[in-house]
Amino acid sequence: MNRIDEISANLEKVNEQIKLAAEKANRSTDEITLIAVTKTFPVSDIEILYSLGIREFGENRDQEASAKVSLLPGDVKWHFQGQIQSNKLKSITSWASYIHSVDQLKYAQIISQHSGGIEKPIFIQVSLDKPPQSRSGVNPSDLIELAGAISELPGISLQGLMAVAPVDSPAEEAFAELVAIRSDFLRTFPAAKSLSIGMSGDYQIAIKYGATHIRIGSSILGIRSPIA
Ligand SMILES: *Cc1c(COP(=O)(O)O)cnc(C)c1O
């Protein structure tokens with residue numbers, strides 16, 4: 001099979017699964033944005049996805065993404081979802097339409113400084129890991145305070161929450177916990193309704209738990225080299 005047919009068939013399967021999961025959850029697929037995660041994959045793959053109608057792409061690294069952004073049409077929306085480094089954040093703010101992985105006030109401050117007077121949509125990443133696991137994301141108990149400080153910054157528009165399922169426990173449990181965290185969060189930040197959860201291994205579950213943005217790489221593009 002050539003690459004176009006392969007990607008097209010994968011995308012069709014994913015869209016079918018999204019539809020089924022949404023039906024089961026009594027949700028409309030209009031509420032769910034599919035972000036094609038293209039990290040490590042070549043521009044030619046992104047162009048194929050573009051030709052198939054995809055306009056939302058997710059990347060994890062500033063340098064790799066910046067190079068790709070300049071080669072794709074201007075109607076593409078780029079989502080940054082990788083681990084943030086302060087020294088890359090000015091550049092990320094310049095090309096990313098959405099930044100999903102904000103988990104510290106200092107990052108939001110840098111985005112705010114560089115947003116150029118236009119509100120940059122961001123998500124706060126919440127950690128669903130249990131100690132001793134600890135990857136990116138704010139501890140749920142610190143979420144409200146962080147969100148309060150972020151929401152006072154100019155040039156930032158808080159969209160909602162983002163999370164990655166833990167590596168060592170079921171996604172279902174973690175997403176159920178996140179629903180509780182989120183309903184508490186929404187009492188203080190009712191406008192920040194977006195929920196960016198769900199990857200290739202768990203997007204059907206994520207849809208059940210209210211995902212509005214799902215970030216899918218390998219189910220569409222195939223296996224990645226392990227570096228990312
Ligand atoms: C790589 C990545 C994805 C996509 O992962 P797949 O399992 O390939 O779908 C989604 N979200 C984040 C934060 C990632 O780093």
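## The ligand and its surroundings

In this predicted model, the side chain of Asn 60 offers an N or O atom that sits 2.8 Å from an oxygen atom of the ligand. Ser 200 also takes part, with a polar side-chain atom 2.5 Å from a ligand oxygen. Gly 217 contributes through its backbone instead: a polar atom there is 2.8 Å from an oxygen atom of the ligand. Taken alone, the ligand would expose 390 Å², and the protein buries 89% of that.

Here are those polar contacts side by side:

| Residue | Part of the residue | Distance to a ligand oxygen |
|---|---|---|
| Asn 60 | side chain | 2.8 Å |
| Ser 200 | side chain | 2.5 Å |
| Gly 217 | backbone | 2.8 Å |

Where does the ligand sit? The space it takes is the largest pocket. Residues around the ligand include Val 37, Lys 39, Gln 81, Met 162, Met 199, Arg 215, Ile 216, Ser 218 and Arg 224. Sorted by class, this shell holds four nonpolar, five polar and three charged residues.

Now for the salt bridges. Side chains of opposite charge can pair when their charged atoms come close. The count for this model is nine salt bridges. One pair joins the side chains of Arg 3 and Asp 45, with 2.7 Å from N to O. This pair links distant parts of the chain, 42 residues apart: Arg 3 belongs to helix H1 (residues 3-24), and Asp 45 to helix H2 (residues 43-51).

Conventions: Residues are numbered from 1 along each chain as its sequence is written. This is a predicted model: local features need pLDDT of at least 70, side-chain atom pairs count only at pLDDT 80 or more; totals for chains, interfaces and linings use all residues. Side-chain values use heavy atoms; hydrogens and water are left out. A residue is near a molecule or strand if one of its heavy atoms lies within 4 Å of it. A polar contact is a pair of N or O atoms within 3.5 Å; within protein, one must be able to donate a hydrogen and the other to accept it, and residues adjacent in sequence count only if both atoms are side-chain atoms. Accessible areas come from the Shrake-Rupley method with a 1.4 Å probe; for residues, only the protein chains shown count as cover. On a 1 Å grid over the protein atoms alone, a cavity is a set of points where a 1.4 Å probe fits but cannot get out, and a pocket is an open set with protein on both sides within 12 Å along at least five of seven lines; lining residues have an atom within 4 Å of a point. A molecule sits in a cavity or pocket if more than half of its atoms lie within 2 Å of its grid points. Ala, Val, Leu, Ile, Met, Phe, Trp, Tyr, Cys and Pro count as nonpolar, Asp, Glu, Lys and Arg as charged, and the others, Gly among them, as polar. A salt bridge is a side-chain nitrogen of Lys or Arg within 4 Å of a carboxyl oxygen of Asp or Glu. Helices (H or I, at least four residues) and strands (E, at least two) are DSSP runs, numbered from the N terminus.
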